[in-house]
Amino acid sequence: MTPTTTGAASREAQKDTSQVRQKTMIARHFDRLAAAPETGEKNCYTFVPGNLTELLLAFDMLPVLPEINALQSGMRGKSAEYISIAEKLGHSEDVCTYVKSDIGMLKSGNIGPTGQRLPNPDLLLLSYTGCFTFVKWFELLREEYHCPVAMLHVPYQADGKITDAMRQYVVDQLRGTIIPMLEKISGKPYDEDRLKACLELSARAEDDLVFVLQSAKHRPSPIDAYFGAVYYVGPIFSSFRGTSEAVDYYRELRSEIDERMRLGKGPVTPDGDMPAERYRIVVEGPPNWTSFRQFWKMFSDEGAVSVASTYTKVGGVYDMGFRHDPARPLETMAEYCLGCYTNLSLPARIDLLTRYVSEYHADGFLINSVKSCNSFSAGQLHILREVEARSGRPGGFIESDLVDPRYFSAANIKNRLESYFQMLEQKRAGRVS
């Protein structure tokens, strides 16, 4: 769930080396997708949380992620038109705007983020990880594409832990349903040694990503773990986990961030290096994509740096210790699906946020409540109260949307943020008890 840097707003922004590299990587992937009808490569539409990228690669299938296409439509200024098309077809204003943007894009020729047509899916692979919308989304796509659908049902972590029964339930589905379907669609047999090789590459990339994310414990933080990090997680959350390209990218990114720490630099912002770190915050909830650069600047102009965020964990909570284990290929893939942020209970999310506030020495935490994303917005006011009580740090609350520009009020958000940062300043000065 991450942008490339293809939108008009993004072209104005300053970019570090890793952002440029990931843009090139993802553009090449879309080139392969555009050429798939001629090359004969098979593709699979799937989702970011709980995606089975390594397994798809073991069958030489190309992943397509509708969430990423939708957010890219927002960054390219296309989502308003696409949403309007979907609503004219009868989709409610309250439906997830990712879904409506995707449906509108499909009805407009299915032109992807690089301006090339995406191929029709050979398979819709739904790995349910805490978002009921995914199920309805793929039902709609099945009606449009008339293609096979495979569902991997992932149990919800209601008690905050993965049990043996939950793990085995997912493994049995992988072995008995998902793998046979992939064999049928790809025309290739399951090769567990190849899957293990992909998982070994995943673990290496994950090690370096965790180094990058945890570098935000440093003062000043060399990264922004909300806005900047959506670029950093791009390759591993999309189509490159389990590849040597991902290993090379994260090795280079780690070196880049290590050098920023050595030089005492803060994060790269849309206007270049941040001159001074004034506020350290933890952020809950997805960003707004239609005004991404403007949204980011509301923070960076105030010297506010996100040192941790939950949105950058939707594709894996690696900083809590998980790594893909090639010695246990199907079991480790099951654990990955079970452990994604959107599959965590409210108590587990509260624990994670409270831990972030403490470990990253944050001045406060902020919730961006997204109107149409129930998997994030449900329970956020409860999260706000609980994290404030446990951490002793003040919380803030703003509202926007994923890709519907009608629900991004720049003046309202800016006023709320300015008031919040002023409160943090007063707390710091001891003028507020």
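Reader: Which residues in H18 do Gln 294, Phe 295, Met 298 and Phe 299 in H13 meet?

Author: The model is a predicted one, and in it helix H13 covers residues 292-300 while helix H18 covers residues 410-429. By class, the contact of these two helices has seven nonpolar, one polar and one charged residues. On the H18 side, the residues met by those four of H13 are Ala 410, Ile 413, Lys 414, Leu 417 and Phe 421.

Reader: Are H13 and H18 roughly parallel or roughly antiparallel to each other, and why?

Author: Helices H13 and H18 pack with their axes 10 Å apart, at an angle of about 20°, and H13 passes H18 in a right-handed crossing. Angles under 35 degrees count as roughly parallel. The two helices, H13 and H18, are therefore roughly parallel.

Reader: Which strands stand at the edges of the open sheet of four strands?

Author: The order in this sheet is S8-S7-S9-S10, with parallel pairing, and the twist averages 35° from one strand to the next. An edge strand here has a single partner strand, so one side of it is left without a neighbour in the sheet. The strands at the edges are S8 (304-309) and S10 (395-400).

Reader: In S9, what is the bridge partner of Val 282?

Author: Strand S7, residues 279-284, and strand S9, residues 364-370, pair in the parallel sense over four bridges. Helix H15, residues 346-359, lies across S7, S8 and S9 and runs at about 170° to S7. Within S9, the bridge partner of Val 282 is Phe 365.

Technical notes
Residues are numbered from 1 along each chain as its sequence is written. This is a predicted model: local features need pLDDT of at least 70, side-chain atom pairs count only at pLDDT 80 or more; totals for chains, interfaces and linings use all residues. Side-chain values use heavy atoms; hydrogens and water are left out. Two strands pair if DSSP finds at least two bridges between them. Axes are lines fitted to C-alpha atoms, for helices over the stretch in contact, and angles run from 0 to 180 degrees between N-to-C directions. Contact means heavy atoms within 4.5 Å. Angles under 35 degrees count as roughly parallel, over 145 as roughly antiparallel, 65 to 115 as roughly perpendicular and the rest as oblique. A crossing is left-handed if the near helix is turned anticlockwise from the far one by less than a right angle, and right-handed if clockwise. Ala, Val, Leu, Ile, Met, Phe, Trp, Tyr, Cys and Pro count as nonpolar, Asp, Glu, Lys and Arg as charged, and the others, Gly among them, as polar.
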